[in-house]
Amino acid sequence: DKYLDMFNYDKFFSHHHFFLAVIKSGYFTWLSSSLTHLLAKHEEVLRERPLLEFIHPDDRNKLENALVKLAHKLDVEIRVKNHEGSYLNTLWHLSYD
C-alpha cells in the first residue's frame with residue numbers, strides 16, 4: 001500500500017492508544033498495536049479474516065451502508081468482537097482516500 005510505504009505507522013502509533021486500521025477490499029492491511037491487542041492475540045488472525053467477521057451481526061448492514069455513503073468523513077457506532085468473543089461498543093471515524 002502506498003500509504004504504508006510513505007509512513008511508518010507502527011513506529012508512530014506504538015506509543016499511543018489509538019485504534020486505527022487501514023482496510024482494503026474488506027480486509028485489514030494494517031492495524032495499530034492497541035487495536036490488534038483489543039481484537040485478537042495475533043495480527044495474522046485479523047488479516048486473514050474479513051473485517052465483517054469481527055462486526056456484530058446486527059451492525060454489519062449499518063457499517064456497509066456507512067461505507068457506501070462515505071464521501072469525506074463519517075462517524076458510526078459499531079460493536080466489534082474481541083479475542084474473548086465479547087462485543088465492545090466503538091465509535092468509528094471513517095474517511096475515504
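Which residue does the side chain of Asp59 meet in a salt bridge of 3.9 Å, N to O? The partner is Lys62. A salt bridge here is a side-chain nitrogen of Lys or Arg within 4 Å of a carboxyl oxygen of Asp or Glu. Before going further, some ground rules are needed.

The structure is a predicted model, in which local features need pLDDT of at least 70 and side-chain atom pairs count only at pLDDT 80 or more, while totals for chains, interfaces and linings use all residues. Residues are numbered from 1 along each chain as its sequence is written, and side-chain values use heavy atoms, with hydrogens and water left out.

The pLDDT is the predictor's confidence in each residue, on a scale from 0 to 100. Its average over the protein chain is 78, and 76% of the residues score at least 70. Helices (H or I, at least four residues) and strands (E, at least two) are DSSP runs, numbered from the N terminus. Among these elements, the lowest mean pLDDT, 51, belongs to helix 1 (residues 2-6), and the highest, 88, to helix 4 (residues 43-48).

Two strand pairs can be followed along the chain. Strands count as paired if DSSP finds at least two bridges between them. Strand 1 (residues 21-24) runs antiparallel to strand 2 (residues 27-31), with four bridges between the two. Lys24 stands opposite Tyr27 of strand 2. The hairpin made by these strands has two residues between them. One residue of the loop between strand 1 and strand 2 is Ser25. Although Ser25 is not a glycine, its phi is positive, at about 55 degrees. Ser25 is exposed because its relative accessible area is 68%; the cut-offs are under 20% for buried, over 50% for exposed, and partly exposed in between (1.4 Å probe, protein chains only).

Strand 3 and strand 4 are also antiparallel, and nine bridges link them. Within this pair, Val80 has Leu88 of strand 4 as its bridge partner. The two strands form a hairpin with five residues between them, and Gly85 in the turn has a positive phi of about 90 degrees. Glu84 sits in the loop between strand 3 (73-81) and strand 4 (87-95). With 62% relative accessibility, Glu84 counts as exposed. In sequence Glu84 is 43 residues from Lys41, yet their C-alpha atoms are 9.5 Å apart in space.

The side chains can now be taken up again. By the salt-bridge rule, the count comes to four. Asp59 takes part in the bridge to Lys62 described at the start, and also in one with Arg79, where the closest N and O atoms are 2.9 Å apart. Asp59 lies in the loop between helix 4 and helix 5 (60-69) and Arg79 in strand 3, so this pair ties together parts that are 20 residues apart in sequence. Through shared partners, salt bridges join Asp59, Lys62 and Arg79 into one network. Asp59 is buried because its relative accessible area is 4%. Lys62, at 38%, is partly exposed, and so is Arg79, at 27%.

Another salt bridge connects the side chains of Glu53 and Arg49, at 2.7 Å from N to O. Glu53 counts as partly exposed at 33% relative accessibility, and Arg49 is partly exposed with a relative accessible area of 31%.

What remains is the interior. A nonpolar core is a set of buried Ala, Val, Leu, Ile, Met, Phe, Trp, Tyr and Cys residues joined through side-chain atoms within 4.5 Å. The largest such core has 16 residues, and those with the most contacts inside it are Phe28, Leu46, Ile55, Leu63, Ile78 and Trp92. Strand 2, helix 3 (33-39), helix 5, strand 3 and strand 4 are the elements that give two or more residues to this core. The most comes from strand 3, which gives three residues.

Leu46 shows some of the packing. Contact means heavy atoms within 4.5 Å. Leaving aside neighbours within four places in sequence, Leu46 is in contact with Phe28, Leu31, Thr36, Leu39, Ala40 and Phe54. Of these partners, Thr36 is found in helix 3. Thr36 is buried, since its relative accessible area is 9%. Not counting residues up to four places away in sequence, Thr36 touches Leu31, His42 and Glu43 as well as Leu46.
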